Amino acid sequence: VVAYTKSGEKRNVEITGSLADDSIIVLFNDLTQRLDAEAALRRSEQLFRTVFDNAPVGIMLNDKNALEIITVNKALCDMTGYKPEELIGRNPVDFIIESDKEKTLEMSDRIRHQNRLPVRFHLRGIRADGGLLSIEAFATGIFDADGNFLNGLCLIWDVTEREQMEDQIRQSEKMRAIGQLAGGMAHDFNNLLTSIIGNAEM
């Protein structure tokens, strides 16, 4: 029930009563602090879920061993083409190309022991359609007040298109350099040829 203190402060109170001989014993238990804490926890969880579900980057939460996916957000599913139920309960390594699996396991081990220090790494993943994607990720551990590892949290970006553009730029610059070199060589060759012809005519 709701009760009010002498000063008018609102309190949430639990009232219990019992009979003892010819008397009634009434106990009042102030639940205000506990209920306020529970409400704050619900708000915090709701805020986390709102951010988690609507974040523009992929987010993955792993178990206490950082080896099993607990939940994923929509952005990660859109990025990889997998449905949530195809990811949850699986090891993240299952979705990484063979040559990067060992690196993934090393990263999982590091976030369990680096006590909140984020780890940045680059991997190549496998989409649901079998295609490859380049992934840039930041991973960190979630720890309790005593420093015990609870979960692994990973933020994931698809950098495939960016890397393809960078490769195209590098290739373009390489071809331009080759063209400049070839042009310079042709100019030098023409000068040499002109000199030879001029000497031959003398």
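**Exercise 1. Work out the strand order of the open sheet and find its edge strands.**

Step 1. In this predicted model, the open sheet has 3 strands, ordered β1-β2-β3, and the pairing is antiparallel.

Step 2. Now look for strands that pair on one side only: those are β1 (2–4) and β3 (23–30), the edge strands.

Step 3. Ignoring direction, neighbouring strands here are turned by 50 degrees against each other on average.

Step 4. Zoom in on β1 and β2 (residues 10–20): 3 bridges link them in the antiparallel sense. Take Tyr 4 as an example; its bridge partner in β2 is Lys 10.

**Exercise 2. Find out how far apart Arg 34 and Glu 38 are along helix α1, and whether each is buried or exposed.**

Step 1. Start with the contact: the two side chains, Arg 34 and Glu 38, form a salt bridge at 3.6 Å, N to O.

Step 2. Both sit in helix α1 (residues 32–54), 4 residues apart, so about one helical turn separates them.

Step 3. Partly exposed covers the range between 20% and 50%. Arg 34, at 49%, is therefore partly exposed, and so is Glu 38, at 34%.

**Exercise 3. Explain which parts the salt bridge between Glu 136 and Arg 120 ties together.**

Step 1. The side chains of Glu 136 and Arg 120 meet at 3.2 Å, N to O.

Step 2. Glu 136 belongs to strand β7 (residues 132–143) and Arg 120 to strand β6 (residues 119–126), so the pair connects parts 16 residues apart in sequence.

Step 3. Check the accessibility too: Glu 136 is buried at 14%, while Arg 120 is exposed at 54%.

Definitions and conventions. Residues numbered from 1 in each chain as written. Predicted model: local features only at pLDDT ≥ 70, side-chain atom pairs only at ≥ 80, totals over all residues. Heavy atoms only, no water. Pairing = 2+ DSSP bridges. Helix = DSSP H or I, 4+ residues; strand = E, 2+ residues; numbered from the N terminus. Axes fitted to C-alpha atoms, helices over the stretch in contact; angles between N-to-C directions. Salt bridge = Lys/Arg side-chain N within 4 Å of Asp/Glu carboxyl O. Buried < 20%, exposed > 50% of the residue type's maximum accessible area, 1.4 Å probe, protein only.
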